Every structure is written in C-alpha cells, then in structure tokens.
Amino acid sequence: MQFKDIVGHRALKQSIIKTINEGRISHAQLFLGAEGSGALPLALAYIQYLFCANKTETDSCGNCSQCHRIAKLGHPDVHFVYPVALSKENDVAKSADVFREWTEAFLNDPYLSLADWMDFVGAENKQPTIAVEESKDILHKMSLMAMEGSYKTMIIWMPEKMNISTANKLLKIFEEPPDKTLFILVSESSQMIATILSRTQLTKVLRCEENELTEALMQRQGLSQEAAIAIAKSCEGNYRLAQMMVKGEVDAEFNMKRFQQWMRVCLNLDGVKLSEWIAEIATAGREKQKQFLAFAIKTIRQSILMGLNYHSNINPADEDFLNKFSPFINYENGALIVEELNNAYYAIERNAHTKILFMSLSLKIHGLFPERKKSA
C-alpha cells in the first residue's frame with residue numbers, strides 16, 4: 001500500500017513521511033478516522049514507507065521486496081489484529097484463525113468497514129470482538145525478534161472492540177515495549193478503554209475533502225465530472241460510501257423517501273404508520289440500516305444549515321421537502337437528533353434489536369420537535 005493509492009490527505013501524508021525520516025517514531029500510535037476516511041490503508045502505507053529499501057521523499061518505491069510483501073500482507077514482521085466472530089464450531093478465537101479471509105477482504109477493498117468484514121466471513125449477526133485469547137497471541141508475536149532486523153509491527157484495527165481483559169493484558173507492552181516495536185491502532189471511535197487511549201500518540205484522519213473525492217472518482221472510477229461532483233457532495237468525505245454509490249449499492253432517492261416518511265410519522269406521532277415504517281426498516285439488512293442512518297444524519301445537518309440560510313450540497317430534487325422540514329430543525333434540537341442518530345448507528349453495529357431501537361429512536365426524535373405540529 002503506497003500513499004499515492006489513498007484518496008486525499010496530502011498534508012497528513014507529508015507529516016507522516018517527515019516523522020519517519022526524522023526518526024520520530026512513537027512505539028504506540030492511534031490513527032483515528034471515521035469510516036471511509038482511509039485510516040486503515042494509511043496505517044499500512046506508513047509501515048510500508050518505514051520498511052521500504054528505496055523510499056523517496058514522497059512515497060515508498062512499491063518495487064522492493066519489502067514493499068511487495070507488505071502490500072500483499074505477507075511480511076513476517078507485519079502483523080494484524082482485527083475483530084472476529086468467536087466460534088467454537090469453526091475454531092475461531094483470534095485474528096490468525098481467519099487471516100486468509102482477512103487478506104482477501106482487505107486486498108479486495110482497503111476501505112472496508114467492520115460490517116463489510118463481518119459479512120465477508122458470514123458473521124453479520126454475531127458480535128465482533130477482540131477477545132482475551134488475542135492478547136496472548138499479541139504478546140507472543142511482539143516479544144520475538146524481528147526476522148529481518150527492522151521493526152516488529154502490528155496494526156490493531158478497531159481496538160474499541162477489545163474487551164477489558166484483553167486491554168489490561170496489553171497495558172504493560174504498550175507502556176514498556178521491546179526495542180524496535182511499533183503498534184498502530186486504527187479506530188473509528190475514541191470511545192475505547194481509557195488506559196489504552198492514554199498510551200498512544202494520536203493522529204487524526206479527517207474525512208476526505210469534496211474536491212479530493214471528485215478527482216478520485218473521475219480518475220479511478222471513470223465518472224464524468226458532473227457525476228463525480230454529485231456523488232462527492234452526497235457521501236460527506238466517505239470514500240467507501242462513494243464507491244458503493246458508484247456501484248449502485250446505495251439508493252439515495254430511496255433513502256430520501258424513507259426519511260420523509262419517517263420524519264412525518266415522528267412529527268405527528270402516528271402509531272399505526274410508525275409501526276408499519278419500523279416493520280419495513282427491520283427487513284433491511286444491517287448495512288442498509290446503517291446507510292439509512294448515515295443519510296438521515298446528513299439530511300438533518302443540511303436542515304440545520306438551511307435554517308441558518310446556508311444552502312450547500314443540496315440535491316435540487318430534495319429542496320422542496322427540506323424547505324418545509326427545516327423550520328422544525330434548529331441548531332439545538334438538530335444537534336440532539338444527530339447525536340441520537342449516531343448512537344443508533346453504533347448500536348446497530350453492536351447487533352441491537354432493530355424494532356426496539358427504531359421505536360425508541362422515533363419517540364426521542366418526536367420529543368425533540370417543537371410542540372407545534374404541521375405536516376412536513
């Protein structure tokens with residue numbers, strides 16, 4: 001994985017390269033970035049640049065044996081930890097038990113989400129975790145000497161999925177690591193165990209800029225400028241979502257219709273229609289439910305901006321509804337609704353009961369609307 005393969009983040013890439021060339025390599029780092037930001041491929045590009053035998057001022061060479069093996073996830077000194085669905089039946093207790101599947105999934109799409117990964121291994125309805133058995137494997141691997149005399153490295157993806165027992169067993173190695181040891185934790189949420197968080201150097205991976213996404217969609221996906229701009233405006237810096245929209249795996253028009261129906265029943269608290277709406281959303285898979293909530297978050301934010309007379313990134317086809325809906329949304333209640341939607345998004349990732357979740361969420365949203373009731 002080279003830096004050039006990652007969309008955007010020009011300044012961050014330069015900063016990372018500078019720290020490596022100046023020898024300022026913290027033994028425990030946290031790459032914190034939202035889904036689709038590219039935090040995971042950035043972590044691998046970091047390690048590839050560190051190991052590269054012929055690095056330049058801007059990237060790894062991509063041609064030396066170190067680069068080839070790291071790019072294929074086959075380097076003996078580069079290890080990975082990621083959440084798995086524990087299974088006695090399939091003999092899955094730690095990352096190494098499904099490394100072949102991980103390699104295939106990552107190489108197919110380095111921007112993969114946790115839901116993508118669970119779907120890939122056929123474990124969508126199971127709880128992904130980094131269990132205590134994993135910590136034993138980590139301590140063993142990282143206590144050994146590097147096979148090629150360089151750094152012993154480990155990328156831990158989604159460290160927020162560690163349970164307390166796992167994290168506690170890793171505290172000492174994070175605090176007093178062996179020489180030439182490097183951990184890079186890649187997370188979508190800072191809501192992880194505080195003792196782990198405090199022992200890492202933070203690198204924030206921001207969402208991709210709209211112009212960066214537009215350029216990538218034109219060059220990598222072959223879209224026209226008009227189509228690329230439309231998708232870049234819709235996906236809010238999430239390159240994974242942009243890719244899905246290109247493939248037709250996300251239906252923005254359908255999500256808007258579903259959102260309009262939901263807001264109307266929440267606004268008027270029509271019990272029968274709400275039950276019907278929840279029954280429909282419950283039949284969608286977890287990934288589509290997450291896509292819908294992400295769309296709802298974006299639409300609420302647009303409504304807040306409309307209330308502030310700032311009309312940006314709005315689909316002309318949606319403008320009529322948003323003009324009618326935005327008076328019900330202000331900065332205060334909009335921020336609270338977005339918070340509830342974000343909480344629901346993460347609850348779905350943790351296999352919450354869909355019908356109970358959306359009923360509770362709908363009642364909370366109704367309570368946040370102004371008392372006056374008009375049809376949006």
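Reader: Threonine 181: buried or exposed?
Author: Threonine 181 is buried, with a relative accessible area of 3%. Buried means under 20% relative accessible area, exposed over 50% and partly exposed in between, using a 1.4 Å probe and protein chains only.

Reader: Hang on, what kind of model is this?
Author: This is a predicted model, where local features need pLDDT of at least 70, side-chain atom pairs count only at pLDDT 80 or more, and totals for chains, interfaces and linings use all residues. Residues are numbered from 1 along each chain as its sequence is written, and side-chain values use heavy atoms, with hydrogens and water left out.

Reader: Cool. Which strand is threonine 181 in?
Author: Threonine 181 lies in strand E4, residues 181-187. Strands (E, at least two residues) and helices (H or I, at least four) are DSSP runs, numbered from the N terminus.

Reader: And what is threonine 181 in contact with?
Author: Leaving aside neighbours within four places in sequence, threonine 181 is in contact with His27, Met142, Tyr151 and Lys152. Contact means heavy atoms within 4.5 Å. Also, a polar atom of the threonine 181 side chain lies 2.9 Å from the backbone oxygen of proline 178.

Reader: New topic: how do the axes of H14 and H16 cross?
Author: The axes of H14 (residues 286-307) and H16 (residues 331-349) come within 10 Å and cross at roughly 170 degrees. That makes H14 roughly antiparallel to H16, a label for angles over 145 degrees. Axes are lines fitted to C-alpha atoms, for helices over the stretch in contact, and angles run from 0 to 180 degrees between N-to-C directions.

Reader: Which residues in H14 meet H16?
Author: Among them are Leu293, Ile297 and Ile300 in H14, and the H16 side includes Val338 and Leu341.

Technical notes:
A polar contact is a pair of N or O atoms within 3.5 Å; within protein, one must be able to donate a hydrogen and the other to accept it, and residues adjacent in sequence count only if both atoms are side-chain atoms. Angles under 35 degrees count as roughly parallel, over 145 as roughly antiparallel, 65 to 115 as roughly perpendicular and the rest as oblique.
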